[in-house]
Structures are given as structure tokens and as C-alpha cells.
Amino acid sequence: MTKHVVVVGAGVIGLSSAILLQEAGYAVTIVARDFPGPFETMDPRTKINYTSPWGGAHNRWVPPHPSLPSHLERDHRFSLRTYARMKQLHASHPGTAGITFLKGIEYLERPGPEYLAISDGKDPNRVHNPLGLPGFRLLSPSEFPADGRVTWGCEYDTWCVNPMVYCAFLLRRFVHRGGRVVARELRRPEEVFFLSAADLLGAVSPIPVAGEGESVSGKDEKVVTIAAVVNASGTGLVPDPNMTVTRGQTCVVAEDCDATVTRQNADGSWTFCVPRGFEGGTVIGGTKELNNWDTKPSPEVRRELLSKFTETYPKILAGKGELTVVRDIVGRRPTRDGGPRIEGEVMPGAGFVMHAYGLGGRGYELSWGVAEAVVEAVETHVRKEPEARL
């Protein structure tokens, strides 16, 4: 009997989880309101709550430290696992997966203890790299921006993706392997357990379904059961007092950059760029505004973002006077105080729901690590509990 898992959400977490569940032997359906499409034709205002298209979509190592929230230890493990998966995908599909490997550069004006721990406090040139950061190198002051405010810097090996090339690649991979997709907006993850077989499967391939106490016979017929629901909805779709949004305004420019660049300013703001590759330009950012629901981009903020970045990394200009603006973007990153919720629960009257939401701005960089945790939890539940019948 084929075990069936339904994934709620077709962002990067939902797509990654669906693919790994397929690899684990499950039949998988994705139910989502929004699916990947061409970035150039998407309206950022009407699709503002579909987070994945608007992400910078890169890996920036965030070192865990005893002085920081404990979930960063887990998140760092997720990021290392994601790095390894991205290497594999890039090697097997270099021209189609939408992944680019390149250098990541960090400039910090006020480095915290998590960064100072990487370099010996008495000898800043002595590198202590217990986190296993690939290609890690401390920068010398001569490599810092010319304004003289940066006091610590490093570079490392990293990756970035063109979000819609990458997400469309994952969706095609999922469907090609037999996955099903259903466009539907849900209010709660438990709703999945009460959808009919026609709702979930009929539009693609009608499959007889056995109810309690019934059996289905026939050489080519199958019984569909729901082993689990994966709640990769971003916002969670469940009452969660720890959930909010982080508003981010960025600007896509036509110019390419040769590295991801992140600068921590002394006032707590950030300046960064993420090259998208695959003729997708470069994302210049950015703001991080907790609990701000404004959907309108500010021209003043755009000017400040571009000015700060070109001062930090003038190399992107390639001798030109200014950057070529393609689009302003405002995104809502579903953020959870205390870190992403990566845990399962049996919902009364429904069944097992594996939650994987609230990743804020780190969905891409933790995606495969989260997906591995999702599969492990589903497998553990399936070994212990009988499935709910559809």
C-alpha cells in the first residue's frame, strides 16, 4: 500500500521537502495557493505573501555562539546540509538548476563575539574555524572598504540561486517523478485530512480510495492513505503567538556582481547584494523591519540602499556612474520569535502534521537541512502510528 504525504506550500521549504519525501518512497501531493512562475511577470504586490520569489536566495553563514539564541546551533547544521545538497545539484545540473557557486564577503563595523571567536582575540590573523566554513579566509584591513569604518572582514565559499529558475526546476523535478500539485488555499493544515480523493488526485489521475472497513481490488488500483501532512506554509496556518513578519525592501539591478557581499553597519542596519545569476541581475538590500506590513516600496530607501552598496563595493559599477534599476521589491518574510518551528504533532480528529515554517529570511539557506528533518520526523511517526485514511 502506497503511503501518501501531502505538503502544504510550494515555496522553497515545501518543494525541497516534497522531493526528499519522494526519494524516501512516499507518494506526494503539494497543495498550495501559489506556485513558481516567471519572476518577470509576477506582481510583487499581489504575491507579496508568496515569499520565495522575492528572496535574495543565498547562503550567508551565521555562526552560532553561546551568547546567541540556541536555535542557531540547529540552523547552522541545516545550513551545512543545504550547502552539501546544493553542491550535488549544481554538479549534476549546472545549467538548469539556477545555482551559482561564488565567494561570500563579510564586512563588519562592530563584530560580535560569534565573529571574534572565529579569529584569535590576541592574534586576529590566527583563524579558528570549528564551524567548518568552506573556503574561509580572514580579510586584511587593506581589503576593507575605503571609508575606514569596517573593523573585521572575511570571505568564504558560498552559493546563490535565481529563485524562480531554481524553484521551477524543483517543481518540474517533483512532477516528473510522479508528484501531484493542487492549487487551493487552505486556512488550516488539518483541512487536508478532510479533502476528498477527487480534490487531491482526481484532476491528475483518478485513484480508487478505500474507506474504513472497505477494500479496493484490481491489478492497477491503489489505496491512498495520508501518512502525514507537512505544514510548509511559511506563516504556519495555525495559532502561533510567536509568528510575525519582517518587511524587507530590496532593489533588483541589471548589473552582475562577482560575490555576495554583506556589510553590518555600526547603527545596526545592513547593506548587502546577492547576485541571482542566469541573467537575473543582482539584488541590493536591504531593510529588516519587524512587524511592518507596508507593501509600498520607498524611492528614498531605494536611493539609500544603492548609494550605500556602491560605496561599500564600487566594483559592481564597472566604471559606470550608477546602477541600472530593474524593479523595487517589498517582501514579507514569515518570522518566528525563537526560531523556525520544525516539529511534529498529532492534531486531534485529523492526524500527524509536521510543521516546518517561520524561517524568516533564511528559507533558502536552511531548506535542504529542514527537508531532511521533515523526512526523518515523518518516518519516525509512520513507524509508530497507523495512517489516517483518505
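This passage describes the overall build, the nonpolar cores, one helix and the annotated binding-site residues of a predicted model.

The protein contains seven helices and 16 strands. Of its 390 residues, 55% count as buried. Contacts across long stretches of sequence are a good place to start: of the contacts with a separation of 6 or more, 73% join residues 24 or more positions apart. The accessible surface comes to about 17500 Å², and carbon and sulfur atoms contribute 52% of that area.

Turning to the interior, the largest nonpolar core brings together 72 residues, and those with the most contacts inside it are Leu21, Ile30, Tyr166, Val230, Trp368, Val370 and Val378. Helix H7, which runs over residues 363-384, supplies the largest share of this core, with 10 residues. A second core, separate from this one, has 19 residues, among them Ile105, Tyr107, Phe309 and Leu317. Val230 is a handy residue to display when viewing the larger core. Leaving out residues up to four places away in sequence, Val230 touches Val5, Val6, Val7 and Val8, together with Leu21, Met354, Val374 and Val378. Two of these partners, Leu21 and Val378, are themselves listed with the most contacts inside the core.

Helix H2 spans residues 71-92, 22 residues in total, and reaches 32 Å from its first C-alpha to its last, close to the 32 Å expected at 1.5 Å a residue. Its buried residues are His71, Leu72, Asp75, His76, Phe78, Ser79, Thr82, Tyr83, Met86 and Leu89. These residues lie on the same side of H2, because the arc they cover around the axis is only 155 degrees. Gln88 and Ala91, on the other side of H2, are exposed. The cover over the buried residues of H2 comes from several elements, including strands E3 (99-108), E5 (152-161) and E14 (341-347), as well as helices H4 (163-176) and H7.

The binding-site annotations come next. An unreviewed UniProt entry gives the annotation "binding site" to Thr51 and Ser52. Thr51 sits in the loop between strand E2 (27-32) and H2, and Ser52 is found in the loop between E2 and H2 as well. Thr51 counts as partly exposed, because its relative accessibility is 25%. Ser52, at 8% relative accessibility, counts as buried. Apart from neighbours within four places in sequence, Thr51 is in contact with Arg332, Arg333 and Pro334. With such neighbours again set aside, Ser52 contacts Gly11, Val12, Pro163, Met164, Cys167 and Tyr364.

The unreviewed UniProt entry also places a "binding site" feature at Arg333 and Gly361. These two span 29 residues in sequence, yet their C-alpha atoms are no more than 5.7 Å apart, so they gather at one spot. Arg333 belongs to strand E13 (residues 325-336), whereas Gly361 lies in the loop between strand E15 (351-357) and H7. Arg333 counts as buried because its relative accessibility is 17%, under the 20% cut-off. Gly361 is exposed, with a relative accessible area of 56%. Beyond residues up to four places away in sequence, Arg333 touches Thr244, Val245, Thr246, Arg247, Gly248, Thr287, Lys288 and Gly360, along with Thr51 and Gly361. Arg333 is thus a convenient residue from which to view the annotated positions, given its contacts with Thr51 and Gly361.

Definitions and conventions:
Residues are numbered from 1 along each chain as its sequence is written. This is a predicted model: local features need pLDDT of at least 70, side-chain atom pairs count only at pLDDT 80 or more; totals for chains, interfaces and linings use all residues. Side-chain values use heavy atoms; hydrogens and water are left out. A nonpolar core is a set of buried Ala, Val, Leu, Ile, Met, Phe, Trp, Tyr and Cys residues joined through side-chain atoms within 4.5 Å. Buried means under 20% relative accessible area, exposed over 50%, partly exposed in between (1.4 Å probe, protein chains only). Helices (H or I, at least four residues) and strands (E, at least two) are DSSP runs, numbered from the N terminus. Contact means heavy atoms within 4.5 Å. The expected span of a helix is 1.5 Å times one less than its number of residues. The arc is that of the directions from the helix axis to the C-beta atoms. Accessible areas come from the Shrake-Rupley method with a 1.4 Å probe; for residues, only the protein chains shown count as cover. UniProt positions are given in the numbering used here, feature names are shortened, and annotations may be inferred rather than shown by experiment.
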